Amino acid sequence: SPTISRNDYQPYPYALPRVELTFDLDPACTRVYSRLHLERQSESPEPLVLNGEELALESVSLDGRRLAVSDYRLEDGRLTLFPEAARFVIELVSTCRPQENSTLMGLYVSGDHLFTQCEAEGFRRITWFPDRPDVMARYTVRLRADRARYPLLLSNGNLASNDELPDGRHEAVWEDPHPKPCYLFALVAGSFDCREQSLDKDGGGQALLQVYSDRGSNSKTAWALACLEHAVRWDERRFGLKLDLDRFMIVAARDFNMGAMENKGLNIFNSAYVLADKDTATDAAYRAIEAVIGHEYFHNWTGNRVTCRDWFQLSLKEGLTVFRDQEFSADMLAQGLTGTEARSARAVKRIDDVSTLRIAQFPEDAGPMAHPIRPESYQEIGNFYTATVYEKGAEVIRMQHTLLGEAGFQAGMAEYFRRHDGQAVTCDDFVSAMESVYTRLHPGKTLAVFRRWYSQAGTPRVTVEVSWDPAQQACNITLTQRNAPAGIEKLQDPPTAKPPLHIPFAIGLLTREGKPITLHHEGRQSDTALLELTEASHTWTFTGIPESPVVSLLRNFSAPVIVEYERPDTDLALLARHDADPFARWEAGQALASRQLLAMMKTGEAPSALFIDTWQALLLDADITDAYRARVLALPSDRELLEKTTPMDPLAAVRACRHLQSALGNRLTPYWMDVYRKTAADAQADYSPDPASAGRRALKNLALSYLMAAGHPDAAELARMQYDVASNMTDRMGALSCMLRYGASGVAIQVLDHFYQQWQHDPLVMDKWFALQATAPDATVETVRSLMLHPAFSLRNPNRARSVVFQFCMNNLQGIHGPGGYDYWAEQVLALDSLNPEIAARLARAFDSWSRYADAPREGMRAALEHVRGHAGLSRNVSEIVNKALK
Ligand code: B3K
Ligand code: ZN
């Protein structure tokens with residue numbers, strides 16, 4: 001497939017001020033009439049190139065004159081016209097086939113409804129069009145369909161009219177006052193429940209907020225609507241950004257490739273991020289819904305009002321919007337709290353986000369798909385909706401926030417909108433707006449070095465050296481950065497290093513008793529100092545340090561880097577108990593646990609007394625919240641551990657995690673029991689997803705898992721009881737997953753069956769039922785094959801495919817690396833590829849790290865990748881992934 005390069009960008013030669021679309025909607029064959037008002041941007045005539053895929057072209061007219069086939073060129077997804085005039089109107093008639101569209105891009109059928117998904121390049125599957133984000137137009141959309149089958153016809157903007165037509169049909173006309181790129185176009189047709197509320201807009205006027213979902217599910221949309229209102233209010237308060245619409249709609253779809261889509265005024269969501277009630281959704285699902293509803297809403301400014309010039313700039317909207325949704329979630333968790341409690345509530349969110357970054361993005365940055373947050377090239381843009389563009393992109397925004405401070409960052413945002421509202425711009429434009437404020441705050445300083453974060457792939461490594469000078473009472477801290485080239489780091493063959501990055505590195509110093517030491521840094525006094533590393537290496541000296549301190553490094557994870565620092569376990573234990581920075585405190589405990597796990601993998605060593613004592617101290621610390629305690633007491637997952645080993649030995653990682661969990665369960669049994677009893681008291685209380693209650697449930701379920709792992713004689717009974725009396729899905733799932741992971745298999749099967757009987761009618765709960773089985777430690781390829789034969793299984797539904805195939809291939813190390821695992825993976829990649837290339841390519845990526853594995857798994861994974869690569873007719877999506885993996 002051809003490679004598309006960032007540097008080849010050319011502006012589109014035409015402006016498209018107005019678009020009129022008429023749809024005769026029909027699942028078998030939808031006819032689209034399109035009228036494009038075009039204005040040439042250059043002096044002399046230019047060919048007009050439109051994109052189209054899987055369309056049947058019926059006619060083309062130019063200024064009302066029907067063109068002959070010889071007047072235009074139709075090849076390879078491109079329609080080229082040769083207009084002479086500077087302003088003209090093109091009329092096109094074409095058809096597409098929603099029913100046959102299993103890619104879920106363009107116009108497709110889900111259940112009894114019709115939906116669209118256009119980002120990145122799906123609009124070309126609806127009609128011929130300049131399908132690129134820098135062509136922004138005002139749309140008028142006329143939707144016509146059978147009234148009984150499709151009583152509701154939605155598109156972007158405001159409803160201008162809704163009229164009856166002959167033959168039981170009706171039509172709705174929508175006008176969107178905001179110019180937009182076609183990737184933000186949407187239409188929905190079907191019969192839905194609707195929950196709505198009106199909202200007083202900041203600055204006057206009212207807006208209608210609506211959440212549409214499948215008939216019969218209205219009782220599950222209250223949380224989503226509440227989250228939408230919170231998001232609107234939060235964006236007003238924290239960013240000063242107002243809702244610019246009279247109507248903001250969210251529609252839930254059962255079949256959806258991603259989480260959701262920010263179409264202007266008409267967000268379409270994976271139903272997993274809309275529907276929730278206490279009986280069917282876990283606490284984690286409630287928080288995820290809040291995050292995704294926030295994310296899509298925040299796109300209305302960061303993405304829609306100011307959009308991307310081209311798809312290389314994707315992180316312009318995604319990194320920034322992820323940063324905004326992370327802050328929204330953190331603020332929601334900390335609502336009503338102050339001081340340490342607020343800080344630890346925010347830290348819980350930070351811990352979860354950093355864990356995601358490490359498990360998804362760090363490996364990507366060290367593997368065959370490594371790319372800068374602003375990629376230089378791609379074959380298929382659908383493959384670049386990655387953890388790097390999203391999560392690392394958000395870290396790069398967060399570092400700008402750290403460097404500018406909240407007020408400076410907000411001033412930078414205001415400047416960004418002042419300069420670019422209504423435009424399609426680049427990542428550079430964003431940094432320039434921030435830089436204008438940065439330079440004002442810090443005369444003489446620029447973001448020139450910082451900009452390299454946008455063009456360099458790879459996770460930087462920062463080495464730390466600390467020395468204390470008793471004569472001077474001074475502490476010297478040296479930071480040194482190493483930036484390996486993209487791709488797998490070749491250790492024997494030292495690669496040419498990349499230039500240094502601008503790394504904000506927050507540190508603190510503690511006394512040997514764990515007390516914070518005040519630092520004097522750049523004219524400020526604080527427990528935390530922000531060191532700005534902009535060269536390969538730099539040393540800072542802190543004076544007035546009366547003893548050799550313990551250093552707390554990379555507080556709040558102030559930069560997406562790997563810290564390398566040799567220190568004794570006793571220092572980590574001290575930080576895990578006393579660090580005032582709740583993120584760094586968690587990090588120290590995790591580092592200590594990782595060392596235990598690595599030692600177990602190597603020598604079978606038992607956990608140290610120091611480690612057990614640390615966990616005991618954390619269990620007993622009266623000053624920490626339940627939610628935070630649940631985070632600090634949890635062990636690194638087998639996947640996290642695996643990332644830390646070379647070569648990667650998955651089965652040894654699984655064994656070590658299990659062993660440590662059971663050792664901790666055993667050694668601290670009375671404490672876990674105590675925690676369980678205290679937190680279990682509210683099992684039957686009224687359910688509320690608020691952070692304090694959710695934190696209590698998280699801690700309870702963690703305690704249960706330790707007791708189960710330890711094989712405590714009462715644990716199985718406690719789990720069974722918890723399942724039976726559970727008033728909510730979090731407790732039900734917590735108990736059931738413990739039974740599957742650690743319990744007797746007979747009991748687990750019986751309970752799974754009960755669960756099935758109770759929830760078989762609910763697709764989202766059935767996804768959980770499938771996922772629990774696909775990730776059970778004893779699940780084999782035979783297990784997942786038989787799950788796939790279940791009548792409720794379908795590879796065409798992405799949520800269901802994810803719940804079985806992806807869960808097994810990505811989250812069940814024993815299963816996928818067991819007998820037949822690799823063949824199963826290859827077979828599923830190919831099966832999915834013939835239905836839905838975007839989803840297939842995501843599964844294909846599960847083997848990205850194959851070359852870092854120990855011999856046996858490595859050769860097996862390579863053979864499976866080669867098998868996939870050898871298959872004729874691979875999609876561009878999967879072909880790019882497997883070819884890069886095998887390079
Ligand atoms: N912008 C969408 C991405 C969908 C692209 C799928 N090919 C989701 C989001 O980030 O909000
Ligand atoms: Zn997004």
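# A walk through the model

Select leucine 74 to start: it stands opposite leucine 79 in strand S8. Keep in mind as you click around that this is a predicted model.

**Stop one: the small sheet**

Leucine 74 and leucine 79 make a handy way in, so now highlight the strands around them. Strand S7 covers residues 73–75, and S7 and S8 pair in the antiparallel sense over three bridges. Zoom in on the link between them: S7 and S8 form a hairpin with two residues between them, and aspartate 76 in that turn has a positive phi of about 40°.

Next, add residues 48–51, which are strand S4, and residues 78–81, which are S8; these two also pair in the antiparallel sense, over four bridges. If you show side chains here, you'll find asparagine 51 opposite arginine 78 in S8.

Pull back a little and you have an open sheet of three strands in the order S4-S8-S7, with antiparallel pairing. S4 and S7 are its edge strands, each pairing on one side only. Neighbouring strands in this sheet are turned by 15° against each other on average, ignoring direction.

Before you leave, click glutamate 54. It has a positive phi of about 50° although it isn't a glycine, and you'll find glutamate 54 in the loop between S4 and strand S5 (56–62).

**Stop two: the eight-stranded sheet**

S5 leads you into another sheet. This open one has eight strands in the order S6-S5-S9-S3-S2-S12-S15-S14, with mixed pairing. Which strands stand at the edges? Select S6 (65–66) and S14 (158–164): each has a single partner strand, so one side of each is left without a neighbour in the sheet.

For a look inside the order, pick S2 (residues 14–24) and S12 (residues 137–146), which run parallel and are joined by seven bridges. Phenylalanine 23 is a good landmark here, as it stands opposite leucine 143 in S12.

**Stop three: a stretch from the record**

Now colour residues 101–184. UniProt lists them, in an unreviewed entry, as "domain: Aminopeptidase N-like N-terminal". Over this stretch the chain is 0% helix and 51% strand, and the C-alpha atoms at its ends are 20 Å apart.

While you're there, look at the backbone from glutamate 119 to alanine 120: that peptide bond is cis, with omega near -5°. Alanine 120 sits in the loop between strand S11 (113–117) and S12.

**Stop four: ligand 1**

Glutamate 119 comes up again when you centre the view on ligand 1. Of the 14 residues around this ligand, Glu119, Met258, Met261, Glu262 and Gly382 come nearest. Strand S20 (260–261) and helix H2 (283–299) are the elements that give two or more residues to the shell. H2 gives the most, with three residues. Colour the shell by residue type and it divides into five nonpolar, four polar and five charged.

**Stop five: two helices**

Stay with H2 and add helix H3 (residues 314–334). What can you look for when two helices pack? They are described by the angle between their axes and the distance between the axes. The axes of H2 and H3 come within 9 Å and cross at roughly 135°. H2 and H3 are therefore oblique to each other, and their crossing is right-handed.

**Last stop: a proline**

Finally, jump to threonine 646 and proline 647, which are joined by a cis peptide bond with omega about -10°. Proline 647 lies in the loop between helix H11 (638–643) and helix H12 (650–667).

Conventions:
Residues are numbered from 1 along each chain as its sequence is written. Chains are lettered from A and ligands numbered from 1 in the order in which they are written. This is a predicted model: local features need pLDDT of at least 70, side-chain atom pairs count only at pLDDT 80 or more; totals for chains, interfaces and linings use all residues. Two strands pair if DSSP finds at least two bridges between them. A residue is near a molecule or strand if its C-beta atom, placed from the backbone, lies within 6 Å of it. Ala, Val, Leu, Ile, Met, Phe, Trp, Tyr, Cys and Pro count as nonpolar, Asp, Glu, Lys and Arg as charged, and the others, Gly among them, as polar. Axes are lines fitted to C-alpha atoms, for helices over the stretch in contact, and angles run from 0 to 180 degrees between N-to-C directions. UniProt positions are given in the numbering used here, feature names are shortened, and annotations may be inferred rather than shown by experiment. Angles under 35 degrees count as roughly parallel, over 145 as roughly antiparallel, 65 to 115 as roughly perpendicular and the rest as oblique. A crossing is left-handed if the near helix is turned anticlockwise from the far one by less than a right angle, and right-handed if clockwise.
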